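The following exercises concern a predicted model. Each task is followed by a solution in steps.

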Amino acid sequence: MPLPSVAKPRRISLLSESQHTASSLIDSTIFASSSFPQTQFSNHPPNPQGHHNSKRQALTFPPFKRLVGQCFHGAPASYYASLIQSCITRKAIKPGKQLHSHLCQMGLGFNTFLATKLVNMYCVCGSLWNAHHLFDRIPKRNLFLWNVLIRGYAWNGPYEVAIALYNQMFDCGLVPDRYTFPFVLKACSALSAIEVGRKIHERVVYTMCETDVYVGAALIDMYAKCCCPQSARRVFDKIEERDAVLWNSMLAAYTQNGHPDESLALCSEMVLAGLRPTEATLVTVISASADIVALPAGKELHGFSLRNGFESNDKVKTALVDMYAKSGSVKVARTLFERLGEKRVVSWNAMITGYAMHGYAAEALDLFEKMKGGGAVTDHITFVGVLGACSRGGLLDKGLMFFDFMVREYHIEPTVQHYTCMVDLLGHCGQLNKAYNLIKEMKVMPDSGVWGALLNSCKIHGHVELAELAVEKLMELEPDEAGHYVILSNIYAQAGMWEGVARLRKLMIDKGIKKSIACSWIEVRNKVHAFLSGDTSHPNSAAIYAELKRLGGLMAEAGYVPSTDSVFHDVEDDEKTNMVCSHSERLAIAFGLISTEPGTRLLITKNLRICEDCHIAIKFISKITEREITIRDVNRYHHFKDGLCSCGDYW
DNA sequence: GTAGGGTTAG
């Protein structure tokens, strides 16, 4: 925003001026100076080139000091309040501090009204130490003051202090009000502190604030961040007069907790209830449609946003880039990405990770270079995309270089996701010991994703010892997940260690662990068709199996040799279907081939990780049929594993 | 006389 061009500070009598004029004066006096750095008033971090060094600030502030010294004697508190407000609006802590010091000289430093404004000023500027220090010295603390400080901590952290202050309020005989709750609940959201959050909810009910939309939205957000969407829904249902933000909060609660279908359905209800979707509504539900890989729903939302004046909204457009990229339409995503008015880090990340997800390693890395060249801010998610691209593309040297680059140049501490990419990359390239050493060096606790990446690599390279170690860790982290046992069993089978296969099978029976049912689905002409492994319930089942058999013959001619390593997993299903491998993704592909025009791209979604043999088979099918086939895992959505997917019933 | 809530990448 360009700064106003008033050059000289005016010297006038202020006592008869309105607050608005006082505010304008301080604006023009302090902030109009062309030498004052613009970044001082923005949310951006200080310029590393040091544009606002002490010399420049010294040049800027004297006019304000003169103003303070010459004009303020006898001014009413409301006048000072408006000056502090100017500092708050511009997040200008230095003039604010000067004003604070002046008020102390005038004996107004602990005036509750003005001091509360000053505490707010320090909070808004992120200087919680100053805010708290002043708070401690104010003799008469009212509820308003407590709320201001709690809000400061809820915005800036440490969040625990916001909760501690909330508890201290009671000791001082104060009762929280409808303003207190959203602040303290925000701190609970940040900490995922569900127990504290529930206690606060009890207090909300006790103080009859449950139907307030602001409190309600904060409660919904708290339950959403604590992975309790059902509790969020109960709050939502109790509020009769709902505004758009309340609806948006509930939509986000569903989207964030892996219920994109519920989010889309609720959005329809919102429109039927007569509410106009806002930017946040669209961003949330477009994100939901990306998670569900429901391209028709996503396209519909794209159309809706165009018709309702969001065509030039960059946040909505970024959500669309993400949706198209995740759905495999990377070209459409790129076109939209290029049309963005301002490319923010989120937009770059959506495009880079979209490329990485679908194996376009060169495009992802090329875009990353463009991002760096344009001087865009880079964050840890950018590197999840970059390292993911290297991992998918088998680019070992580049992956190692970027990992090093991220730590040394960008000072980004690697997260568990970065390590997962690196273990996957090293492991796939056969450097299993290096992958294991990297896990041992990790500063963060390795999760099931990291050990799973190592286990998968062990399967590819037949490394029994490390696979046993990885499964041992995975059994601790996810004791009921059948997939880990199955993979180890297959590794034993590959190595001819049949006693190991038998031992694992017994272990699974003893523990009562059943393997998850793999489900894949494909959308053809606006209808979703879902398939289970070995499924024969589809009306076109006979034609699907005939197509699979035909493909099997063509693939054999093209040199495809089915892998025999998956004995534990596959033989039972395949015996039922005359030895045609009928994994769910292959059924979905066969159905897609007989139901769509030649040349149509096929997008299959799968709820479990695709096996290596199907990976190879799909490459053959793609080559033979000249079709682009994309498989997307959505295995993070647990509800797909609960048997909800049956043919055609999903919608 | 001062204050409040939601959304965007793997």
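**Exercise 1.** Identify the polar contacts that the side chains of D322, K326 and K186 make with DNA strand B, and state which part of the strand is involved in each.

*Solution.* Begin with D322: a polar atom of its side chain lies 3.2 Å from a sugar or linking oxygen of DNA strand B. Next, take K326, whose side chain places an N or O atom 2.9 Å from a phosphate oxygen of the strand. Finally, a side-chain N or O atom of K186 is 2.4 Å from a phosphate oxygen of DNA strand B.

**Exercise 2.** Describe the protein surface near DNA strand B by its residues and their classes.

*Solution.* The strand is surrounded by 44 residues, of which F113, R151, K186, N248 and Q417 are the closest. By class, this surface comprises 18 nonpolar, 12 polar and 14 charged residues. Helix α14 (residues 244-256) contributes the most, with six residues. On the DNA side, sugar or phosphate accounts for 42% of the strand's atoms within 4 Å of the protein, and bases for the rest.

**Exercise 3.** Determine how helices α9 and α10 are oriented relative to each other, and which residues form their contact.

*Solution.* The axes of α9 (residues 159-171) and α10 (residues 180-191) come within 8 Å and cross at roughly 140°. Angles over 145 degrees would count as roughly antiparallel; the two helices are therefore oblique to each other. Their crossing is left-handed. In the contact, Y159, E160, A162, I163, Y166 and M169 of α9 meet T180, F181, V184, A187, C188, A190 and L191 of α10. These residues divide into 11 nonpolar, one polar and one charged.

Technical notes. Residues are numbered from 1 along each chain as its sequence is written. Chains are lettered from A and ligands numbered from 1 in the order in which they are written. This is a predicted model: local features need pLDDT of at least 70, side-chain atom pairs count only at pLDDT 80 or more; totals for chains, interfaces and linings use all residues. Side-chain values use heavy atoms; hydrogens and water are left out. Axes are lines fitted to C-alpha atoms, for helices over the stretch in contact, and angles run from 0 to 180 degrees between N-to-C directions. Helices (H or I, at least four residues) and strands (E, at least two) are DSSP runs, numbered from the N terminus. Angles under 35 degrees count as roughly parallel, over 145 as roughly antiparallel, 65 to 115 as roughly perpendicular and the rest as oblique. A crossing is left-handed if the near helix is turned anticlockwise from the far one by less than a right angle, and right-handed if clockwise. Contact means heavy atoms within 4.5 Å. Ala, Val, Leu, Ile, Met, Phe, Trp, Tyr, Cys and Pro count as nonpolar, Asp, Glu, Lys and Arg as charged, and the others, Gly among them, as polar. A residue is near a molecule or strand if one of its heavy atoms lies within 4 Å of it. A polar contact is a pair of N or O atoms within 3.5 Å; within protein, one must be able to donate a hydrogen and the other to accept it, and residues adjacent in sequence count only if both atoms are side-chain atoms.
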